[in-house]
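Biologist: I have a model open and would like to learn how to read it. Could you take me through some of its features?

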Amino acid sequence: VQSAVIGLQEKHACDVNVLFLCCYIAATKRGRLTNDDFKIIDNAVGDWKSDVTEQFEPFATVSRKAPA
């Protein structure tokens, strides 16, 4: 799962936390997300992505490529 998620993140700029939210909603049969739902989610996490996640991405990339 980890390599698939990292691949989605790196190759397609997928927000994996939103992906996991979608999986949770589907698994718990809580309905379907609409385009408006995705806009709301994106607005809700926008500051976190720009202020925190994107700031640490260069370090995460180096860490993933370093030998174990």
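Modeller: We will go through the cysteines, the helices and the loops between them. Keep in mind that this is a predicted model.

Biologist: I start with cysteines. How many disulfides does the structure hold?

Modeller: The general idea is a distance test: two cysteine sulfur atoms must lie within 2.5 Å to count as a disulfide. Here the number of disulfides is 0.

Biologist: Why is Cys14 without a bond?

Modeller: Look for the closest cysteine sulfur, which for Cys14 belongs to Cys22. The two sulfur atoms are 8.3 Å apart, so they are too far from each other for a bond. Cys23 is in no disulfide either; its nearest cysteine sulfur is also that of Cys22, at 6.9 Å.

Biologist: How exposed are Cys14 and Cys23?

Modeller: Relative accessible area is the value to read, and between 20% and 50% a residue is called partly exposed. Cys14 has 23% and is therefore partly exposed. Cys23 has 42%, so Cys23 is partly exposed as well.

Biologist: Which residues of helix H1 are buried?

Modeller: Buried means under 20% relative accessible area. In H1, which covers residues 2-12, the buried residues are Val5, Ile6 and Gly7.

Biologist: What comes just after H1?

Modeller: Check the backbone angle phi there. Ala13 follows H1 directly and has a positive phi of about 55 degrees. Ala13 is a residue other than glycine with such a positive value. Its place is in the loop between H1 and H2.

Biologist: Is Ala13 buried or exposed?

Modeller: Ala13 counts as exposed because its relative accessibility is 67%.

Biologist: Where is Lys29, and what is its phi?

Modeller: Lys29 sits in the loop between H2 and helix H3, the latter spanning residues 35-65. Its phi is near 55 degrees, again a positive value in a residue other than glycine. With a relative accessible area of 74%, Lys29 is exposed.

Biologist: Back to the loop between H1 and H2: what does the side chain of Asp15 reach?

Modeller: For a polar contact, look for N or O atoms within 3.5 Å. Asp15 lies in the loop that leads from H1 to helix H2 (16-27). Its side chain reaches the backbone nitrogen of Asn17 at 3.0 Å.

Biologist: Which residues further along the sequence is Asp15 in contact with?

Modeller: Set aside the neighbours within four places in sequence. Asp15 is then in contact with Val45 and Lys49.

Conventions. Residues are numbered from 1 along each chain as its sequence is written. This is a predicted model: local features need pLDDT of at least 70, side-chain atom pairs count only at pLDDT 80 or more; totals for chains, interfaces and linings use all residues. Side-chain values use heavy atoms; hydrogens and water are left out. Buried means under 20% relative accessible area, exposed over 50%, partly exposed in between (1.4 Å probe, protein chains only). Helices (H or I, at least four residues) and strands (E, at least two) are DSSP runs, numbered from the N terminus. A polar contact is a pair of N or O atoms within 3.5 Å; within protein, one must be able to donate a hydrogen and the other to accept it, and residues adjacent in sequence count only if both atoms are side-chain atoms. Contact means heavy atoms within 4.5 Å.
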